[in-house]
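Student: Please take one part of this protein and look at it closely with me, then follow the chain to a few other places worth a look. I'd like to be able to check each point against the model myself.

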Amino acid sequence: MIFSQTLPHFFHRLTPEQGLSQAINSFVYKDSRGFVWISSIDGLNRFDGRTVKVYRPSSSNPHALGGNNIQSRFYETADGDLWFCTYEAIHRYRRRTDDFEVFQLQNENGDTITEGYYIFHRDPAEKLWIRLNGKLYLFDTRTRERVIKGRLEGVRCFVDTTATGHIRGVYSCFFGSQKGIRYYRLDTDGATTAAESFFTSNSPAKLPALSITDIRIENDTLVWLCGSEGLTAFNPRQRTCRQYSPVVERKPDFWAICAISDSVLVVSSTADGLWFFNKRLRKFVRQITHDPGNPHSLASVRCEELNLDNDGNLWISHWNTGLSFVNLQKQKFENIQIVTALPALGSRSPHLSGLVEDKKGRIWCSTEGAGICLFTPDGVPAADFSRRRDLPFAYFTHLFKDRSNTIWAVERRHLYRYYDAANRFKEISTSVDMSELCYIYETRQGRLLVGTYNGVFEVKTSARGNRSIAPAAGFEFLKNNMVNWIYEDSNTTLYLGVKATTLLVIVRDRLLKFPFGYIKAAYETPDGRTIWLATTRGLVKMDKNNFTYKLYDESNGLPNQFLYSVIPDAAGFLWLASNKGILRFNPDSAITRQYGAADGVWENEFFTNAWLRTSSGNIWLGNRDVLNVFRPEAMRDVRAVPKIQITNLKVNDLDWKDSIYIGERTALDFPFSNNTLSFDFVALEYSDPSNNRLKYKMEGYDDQWIELPPGPYGFARYARLPPGVYPFYVMAANSDGVWNPLPWELKIRIRTPFWQTWWFILLIAMAVTGGGYSIYKYRLAQIRKAFEFRQKAAESEMRALRSQMNPHFIFNSINSINAFILRNESKKASAYLTEFAHLIRQILDNSPHDTISLENEIEFLQSYLRVEAMRLENKLAWDIQVVDKVDTFETEIPSMILQPYVENAVWHGIAHKPEGGKITVSVGRGDSGVLLLTVEDNGVGRARARLLQAAKGKSHESKGLKITEERLALYDQKHGTKSSVTTMDLLDQNSNAAGTRVEVRIAR
């Protein structure tokens, strides 16, 4: 291959639209962490391959930039901090805190200098060399001390060192403000001596006057200078020079120099892009300029500063445009434009349609619309067969070389054979209608088959040696079918592409059909077992013995399945031209590697039949109007592996801030409340940052590595991490698939919450045990209390039942019935017995219930009083009243609670009164809504009743009343209420006993 034929590299661009603070960017530096720092006249930019972080001055932040205009290159110290200057001050970027320290120096009088700073060197002693107000200052970055070392003028300065690194002098230039350069020697104390000027109007040794913008010092006999007059090699010892300029109509206006290898310099031009200068040949060998139609060319023809980082990336500054950057080792494909061999094309872009190598090693190239051209093996145009009498037509679809090394050219309507001796093509005659021609192929039996839109035809040779085209025997079944591709394997099995949809396989007496789409190419493995087919549906691996196959497409690893070629290389890889670049397929692992524009692939889309592997091992693949040429075994990957940085951390989905920048942390410790973490991380490698790869894994959480799609940025989120230690690992690969050997690690600790600590668990266990025991004791007491309550309730109910079924009452009632019978008062006896039976039935019905409705209670009292009135032979009157709109149906009271008080009124009040008496029962509301039940009689009173009892020799204590009080207490205990019973003696006007009144208050 020849260098001059190769088309420009793939350039990435970085502009204000992509985040730069401003479009004038003179200085670029890639630091030890992998970030790229870019100066501007409006702040400092940090680039990570995808995003730009901008630093600017801030009046509210004492650790912000001290000025907008960056005026020097960047110098990194061993601790990773960066030193540079703005026009106003020296700056130190503090890596751990992601902020700045600002320093201003004092002159000899002790006055602070506030402008004019320019740092141009950092020596091994960590001292910065600064040109400031016409003097040389040395600033010690360790002690912050400054020393003045004499005069130093100029706009840009460059140190001149010996082979051992000792600084012997300083060159300075003036950027067009005045011509020439100055050289300041250093004395034994390191101070500058009187300057010597060169290339001024009165310079010694008749050196020409030059406007110098950049200086590159190689040694004490060779200094490269560039400026508006071109490139100059200067020998300081001999005071001689030699000037070089490319052979162009006008002399380029050079601006900066950069060495990209031991033998090649790149020189920027303010009007013509980049020029490459070979130092050994002492001539310019290549130019790269801006192409308005190519978004991946240089961003502008105006190129100023050049910066080469330690990974081989060249950064080009464009005034008012931004930056272009490229890795000069990234390009793996050489590109040859067809227009170099077919100059009559002008600006037209014909599609390439065929490639073939002849016996002399020359490469024949056919096109669809521009004829045929010829290249030497090195890619130099050798012949142009367009617009010739022997090739009157130009729309070719296929080129083919037969076993006799004869070249055949298929045009849409014509077939041509090339005669080498005569250096001309001759058309093959035909008398049949073939419609449109597609393909030509020679079988092992020597048959030349031609695929057409109307089936398969054959080139036949007469006895006199005349050739013509006729229908091919054995292929009659394909008449009226388009046959676009033909191939024969080592077993003489024929493969035909038909109708751009189907593969037909003719094997002995069988015909097999496969729906593979448009067949483009085939390759048979050396062992004769496998056929690989490039199709529009993917890559087919077919077993020749049984014709089973496996299809590789976008569902199982191919980035694109529309394929044009399948070409083996010496290492066993298969090279596939596709509609998404060039693919390298590993048949053993089925892993595909994709090559695109950054690798030098001119365009993604390729064309049918435009592929070739030459006898020397080079592979040629055709795009629209460009040949992509490469030698697989000579391809070299970019070896620089990405640096890895975490650029942001979110804790519980909020940005995390700390005194130490997250990118400088190796470990993090969080409380359990901060256990949702999100990481932004980046692969820092710039040969093609959009195709870098990342994978990550959190040990103890992820079972395997998680690989992300190509791109410079990564993101991972972990929600609600349990307590523990989690090493977070990240690995990165560059766009060539070269992985960094060791993962980057950030150790994360989520602290155990206090409620999961051993002492807290022990304390809780003790508390639970104690609490459980207390609950047990309390529950046991409650059960005992409930049992006692139920026992008391049962006993009380039983006593109440017994009291209401008082033997005396029953005995007296039976005696009354008997008396009625003896007196032959059967009706009274029957009525009494009926009432007595009804009363007993009510007692038995109500006694199982804790409460009954007030309505049932009143009905029960009515029955009881009727029985007692009949027994006392109507000496008893009664009245039951319900007042205050009390709902007797809904209101519940303890069952048969009033009967003992009514019974007392009958037996001890009314029964001792000869004329009889009356009992009044009233139901109403008392204070605070309390249910007030009143039993009032006009009997003899409690005092008279006690005297009468005593006279009979009886000391009566009412058990029924005591039981009733117990039942009310149990009722209150169960319902959380407070009831009461009040008994009052009633007196007449003379203070004599007039009866008794009992008030029962039941709280609701």
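What follows starts with one helix and then turns to some strands and a loop.

Tutor: Happy to. This is a predicted model, so local features need pLDDT of at least 70 and side-chain atom pairs count only at pLDDT 80 or more, while totals for chains, interfaces and linings use all residues. Residues are numbered from 1 along each chain as its sequence is written, and side-chain values use heavy atoms, without hydrogens or water.

Let's begin with helix α3, residues 826-846 (helices are DSSP runs of H or I of at least four residues, strands runs of E of at least two, numbered from the N terminus). Its 21 residues should span 30 Å at 1.5 Å a residue (1.5 Å times one less than the number of residues), and the C-alpha atoms at its ends are indeed 30 Å apart.

Now see which residues of α3 are covered. Ala-829, Tyr-832, Glu-835, Phe-836, Leu-839, Ile-840, Gln-842, Ile-843 and Asn-846 are buried (under 20% relative accessible area with a 1.4 Å probe and protein chains only; exposed is over 50%, partly exposed in between). Looking down the axis of α3, you find these buried residues within an arc of 160°, so they line one face of the helix (the arc uses directions from the helix axis to the C-beta atoms). On the other side of α3, Lys-827, Thr-834 and Arg-841 are exposed.

Glu-835, one of the buried residues of α3, is a good place to zoom in. Leaving out residues up to four places away in sequence, Glu-835 touches Ser-863, Arg-866, Val-867 and Met-870 (contact means heavy atoms within 4.5 Å). Gln-782 lies 53 residues from Glu-835 along the chain, and the C-alpha atoms of these two are separated by 44 Å.

From the helix, let's move to strands. Strand β48 (residues 530-535) runs antiparallel to strand β49 (residues 538-543), with six bridges joining them (two strands pair if DSSP finds at least two bridges between them). β48 and β49 form a hairpin, with two residues between them.

β49 also pairs with strand β50 (residues 549-552), again in the antiparallel sense, over four bridges. Here too there is a hairpin, with five residues between β49 and β50, and Phe-547 in the turn has a positive phi of about 60°.

Leu-539 of β49 is a handy marker for both pairings: Ala-534 stands opposite Leu-539, and in β50 the bridge partner of Leu-539 is Tyr-552.

Next comes an open sheet of four strands, in the order β51-β52-β53-β54, with antiparallel pairing. The edges are β51 (567-568) and β54 (592-595), each of which pairs on one side only. β51 is joined by two bridges to strand β52 (residues 574-578), and the two run antiparallel. To find this spot on screen, look for Ile-567, which stands opposite Trp-575 in β52.

Finally, a loop. Asn-107 sits in the one between β9 (99-103) and β10 (119-122). Asn-107 counts as buried because its relative accessibility is 17%. Apart from neighbours within four places in sequence, Asn-107 is in contact with Ile-113, Tyr-137, Arg-146 and Ile-148.
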